[in-house]
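This briefing is meant to be read beside the sequence and the structure. It goes through the ligand site and then a set of individual residues, grouped by topic.

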Amino acid sequence: MQITDAQQIINNAVAKLGQDELTESALVEHILPHFSRVLARNDRTNEIYLANHSLGRPLDLVADLIQGALDGWYEHLDGVWGPWLDARDAYREQVARLLNWNDPKGVVPKTSAAQGLRAVINALPSSTPNIVSTRCEFDSIDFVLKSYAHKGRASVTWIEPDEADLLRVEPIIDAIDQSTDLVVVSAVCFVTGQQVEGLDRLIKHAHANGCLVLLDTYHAMGVLDLDYLELGADFLIGGNYKYTRGGAGACFLAIHPRHLSPSGGVPERGSIFSIDTGWFAKEEPFAYKRSDDPAYAPGGDAWLEATPPILTYYQALPGIMLSNAIGIHRLRAYSLDQQQHLADQLVANGITPRLIHHRGAYLLVEHDDGHQAMAGLKDAGVNIDARPLPRSGRWVIRFCPDFLNTRDELTRAAQRVGRVLGSG
Ligand SMILES: Cc1ncc(COP(=O)(O)O)c(C=O)c1O
């Protein structure tokens, strides 16, 4: 199967949903049949999958598209490079659409968010940048920053969340001064699902101090209908294996147009340019010309690296295309509705969930022993996960419905949770 065929199938299915808000009956009739492989699991097992914030469930089209990419290789050998690179560009275009990013070339494929972060730190003019970050960042980001600090390649100021384990922008703003080079912060915190409020103020303050901002969008993209370009962060990192159902390795770094050179060429020393690089970032890579100084491609291509992994694009495209075709605003409204239903059912079963007012796609139940809770719930047929809170250390179990979960499933899940975690 070709990408254009997959897009057509998705467009046809989504057209049948109509233009209005999503309903369970329309999703079941028109969209769920495209998930037949993963949903067949529901008949074979007793499990209700609520770990959609962790690893999203794939469309059937994923296998078809990957098979198509391989068929092209068998059939056309080196003639397959054209379609393979078109797949890369389609991936950049779909991610750009998801982020409301005006320029698909400003989206650079990466295999992890950490890879995007390292590219940005290495691109900064200072070889020992001052970075402000928070205790609420995902482990990969936390670990990269600590490794740079340990090697003497960065100095990091860490901001704590408040007593309720919520991240406030004011302490981040207070930590920024003229010596700060970069702020690294999540749009939605991975443990609590809290949507960080006031990012626009934070970004304005950082810029007024000559400091850049990198936003980790992992738990926001495909969930919140944000205009990231308007928000104005200098760099976004994120990946598609959660809400956009793209599987592992399909990540990206997006670079704000203000940091892209329309003409390319040899960058000025002391400017921001990527040294996590390779021949795909060269001006005219297929001309095989060499010069003493590195001459970069124009625009976002200057941030590309070497020969890219190709199959990841085919793997990721169906999920992102589906999210874009349905529209994030409709997915968001449906998700909030499902979360509310699950919360009500938990309460009806004696469990008090924690519903953070500004949140992403999941809700929380606090617990003293996350491992025990996870094991008990797994045994009872509820697939969730749990993480320790960054400040209090108490555990929160994360429950994330998605549109493959019916209301009936959520009701049954809440009954099981009540039996496992309830006091009675
Ligand atoms: C907020 C956030 N950032 C990044 C990642 C993944 O990081 P990486 O792609 O470096 O493994 C995750 C994964 O759960 C995450 O939740």
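Which residues does R88 touch, not counting residues up to four places away in sequence? The contacts of R88 are P109, F280, L304 and Y313. The model is predicted, and the values below are computed from it.

**R88 and helix α5**

- R88 sits in helix α5, which runs over residues 81–99.
- R88 counts as buried because its relative accessibility is 9%, and buried means under 20%.
- Helix α5 has 19 residues and reaches 27 Å from its first C-alpha to its last. That is close to the 27 Å expected at 1.5 Å a residue.
- The buried residues of α5 are W84, L85, A87, R88, A90, Y91, R92, Q94, V95, A96, L98 and L99.
- An α-helix has 3.6 residues a turn, so residues three or four places apart point the same way.
- α5 is followed by N100, and the phi of N100 is positive, near 55°.

**Ligand site**

- The ligand is surrounded by S112, A113, A114, F138, S140, F190, D216, Y218, H219, Y241 and K242.
- This shell divides into six nonpolar, three polar and two charged residues.
- From the backbone, an N or O atom of A113 lies 2.8 Å from an oxygen atom of the ligand. A polar backbone atom of A114 is 2.9 Å from an oxygen atom of the ligand.
- From a side chain, an N or O atom of K242 is 2.8 Å from an oxygen atom of the ligand.
- On its own the ligand has 400 Å² of accessible area, and the protein covers 90% of that area.

**The loop between β8 and α11**

- P285 lies in the loop between β8 (251–255) and α11 (311–326).
- Is P285 buried or exposed? P285 counts as buried because its relative accessibility is 16%, with the limit for buried set at under 20%.
- P285 touches W279 and F280, not counting residues up to four places away in sequence. F280 is also one of the residues that R88 touches.
- P285 and A297 are 12 residues apart in sequence, and their C-alpha atoms are 8.2 Å apart in space.
- E284 also belongs to the loop between β8 and α11.
- E284 is not a glycine, yet its phi is positive, at about 45°.
- With a relative accessible area of 48%, E284 is partly exposed.

**The loop between α4 and α5**

- L77 is found in the loop between α4 (61–76) and α5.
- The phi of L77 is positive, about 45°, although L77 is not a glycine.
- L77 is exposed because its relative accessible area is 54%, and exposed means over 50%.

**Q338 in helix α12**

- Helix α12 covers residues 328–348 and contains Q338.
- Q338 is buried, with a relative accessible area of 6%.
- Which residue has its backbone oxygen 2.9 Å from a polar atom of the side chain of Q338? The backbone oxygen in question is that of D402.
- Q338 touches P401, D402, F403, N405 and L410, not counting residues up to four places away in sequence. D402 therefore appears both in this contact list and in the polar pair with the side chain of Q338, and Q338 itself is buried.

**Partly exposed helix residues**

- D200 is found in helix α9, residues 199–208.
- D200 is partly exposed because its relative accessible area is 39%, a value in between the limits of 20% and 50%.
- D200 and Y74 are 126 residues apart along the chain, and their C-alpha atoms are separated by 49 Å.
- M374 lies in helix α13, residues 370–379.
- M374 has a relative accessible area of 21% and is therefore partly exposed.
- M374 touches I384, D385 and A386, not counting residues up to four places away in sequence.
- The C-alpha atoms of M374 and D292 are separated by 57 Å, with their positions 82 residues apart along the chain.

Definitions and conventions: Residues numbered from 1 in each chain as written. Predicted model: local features only at pLDDT ≥ 70, side-chain atom pairs only at ≥ 80, totals over all residues. Heavy atoms only, no water. Near = heavy atom within 4 Å. Polar contact = N/O pair within 3.5 Å; in protein donor to acceptor, adjacent residues only side chain to side chain. Areas by Shrake-Rupley, 256 points an atom, 1.4 Å probe, with all protein chains shown as cover. Nonpolar A, V, L, I, M, F, W, Y, C, P; charged D, E, K, R; others polar. Helix = DSSP H or I, 4+ residues; strand = E, 2+ residues; numbered from the N terminus. Buried < 20%, exposed > 50% of the residue type's maximum accessible area, 1.4 Å probe, protein only. Contact = heavy atoms within 4.5 Å. Expected span 1.5 Å × (residues − 1).
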